[in-house]
Structure formats: C-alpha cells, structure tokens
Amino acid sequence: QVQLVESGGGLVQAGGSLRLSCTASGRTFTSRTMGWFRQAPGNEREFVAAISSASINTNYADSVKGRFTISRDNAKNTMYLQMNSLKPEDTAVYYCNAVTATWNPIPQFEFWGQGTVVTVSE
C-alpha cells in the first residue's frame with residue numbers, strides 16, 4: 001500500500017510563496033499520474049493540479065493557473081507544488097493522491113494523508 005505524506009504548508013501573507021512536497025512510499029509512485037487537491041473549511045475537496053508519470057503532461061484548476069506549478073522528482077518519490085502570488089482564498093488543507101489522468105483527475109487511493117495546512121493572510 002502506498003503511503004503519501006504532505007509537507008511544506010504554513011502561514012504566509014497574500015502575495016507570498018510556498019512550496020509543498022508530497023513524498024510517497026512504495027515502488028508504484030514513478031508509474032502513476034499524481035495530483036494535488038485542497039479542502040477549505042466548509043468546502044468540498046477540490047482539484048488543484050496534476051502531473052503525468054514522466055512529467056510530460058500537466059493540468060491545473062483555473063483558479064491557480066499562472067500562479068502554481070506542479071513538478072515531480074521520481075528518483076526521490078516526491079511531487080511538489082510551487083505556489084506563488086498566494087491569495088487568501090488559497091487557504092486550505094492540501095492533499096496529494098494518485099489520479100486517473102491529468103485531464104480526468106479522479107483520486108485513486110481511498111485513503112488520504114493528513115495533508116498540510118496553508119494559511120494565507122490579508
């Protein structure tokens with residue numbers, strides 16, 4: 001069973017930057033399309049970004065296009081989310097998961113990690 005651990009969250013002022021990391025255990029990470037999701041208080045979990053196994057294809061939610069960049073290092077079993085020009089509405093718990101495809105990012109693993117909290121102040 002693959003375990004996913006998110007890290008890198010924190011408190012930042014609007015306009016600031018953070019880089020999130022998702023580290024996976026197990027040997028199936030390199031073959032999987034992966035994605036980032038987030039859940040703000042009182043809201044449903046929503047898709048943020050996805051990246052194919054060889055980093056050829058990426059996909060972003062409209063709300064983060066041009067501000068966030070997804071990447072991965074398969075040698076380290078780690079995926080990243082560089083978040084720039086952060087806005088208060090980006091405040092959420094961020095999670096990673098394998099997804100079916102970049103263009104159809106349905107989460108594949110039933111169990112989610114603890115996530116990492118991002119708080120963007122005014």
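Three short exercises on side-chain contacts follow, each with a worked solution.

The model is predicted: local features need pLDDT of at least 70, side-chain atom pairs count only at pLDDT 80 or more, and totals for chains, interfaces and linings use all residues. Residues are numbered from 1 along each chain as its sequence is written, and side-chain values use heavy atoms, without hydrogens and water.

**Exercise 1. The core**

Find which members of the largest nonpolar core touch the most other members.

Solution.
- Start with the term: a nonpolar core is a set of buried Ala, Val, Leu, Ile, Met, Phe, Trp, Tyr and Cys residues joined through side-chain atoms within 4.5 Å. Buried means under 20% relative accessible area, exposed over 50%, and partly exposed in between (1.4 Å probe, protein chains only).
- The largest core has 33 residues, and W36, M79, L81, M83 and Y94 touch the most other members.
- Elements giving two or more residues to this core include β4 (34–39), β8 (78–83) and β9 (92–101). Strands are DSSP runs of E, at least two residues, numbered from the N terminus.

**Exercise 2. The charged network**

Trace the salt bridges that join R38, E46, R67 and D90.

Solution.
- Apply the rule: a side-chain nitrogen of Lys or Arg lies within 4 Å of a carboxyl oxygen of Asp or Glu. The whole structure holds 4 salt bridges.
- R38 meets E46 at 2.6 Å, N to O. R38 is buried at 6% relative accessible area; E46 is partly exposed at 37%.
- R38 also meets D90, at 2.9 Å, N to O. R38 lies in strand β4 and D90 in the loop between β8 and β9, so this pair ties together parts 52 residues apart in sequence. D90 is buried, at 0%.
- R67 meets D90 at 2.7 Å, N to O. R67 is buried too, at 10%.
- Shared partners join these four residues, R38, E46, R67 and D90, into one network.

**Exercise 3. The rings around W112**

Work out how the ring of W112 is arranged against F37 and Y95.

Solution.
- Rings of Phe, Tyr and Trp (its six-membered ring) pair if their centres lie within 6.5 Å; planes under 30 degrees apart count as stacked, over 60 as edge-to-face and the rest as tilted. The count is 3 aromatic pairs.
- F37 and W112 are edge-to-face, at 5.4 Å centre to centre and 85 degrees between the planes. F37 is in strand β4 and W112 in the loop between β10 (104–107) and β11, 75 residues apart.
- Y95 and W112 have centres 5.9 Å apart and planes at 80 degrees, so this pair is edge-to-face.
- Ring pairs link F37, F47, Y95 and W112 into a cluster.

Note on methods:
Helix = DSSP H or I, 4+ residues; strand = E, 2+ residues; numbered from the N terminus.
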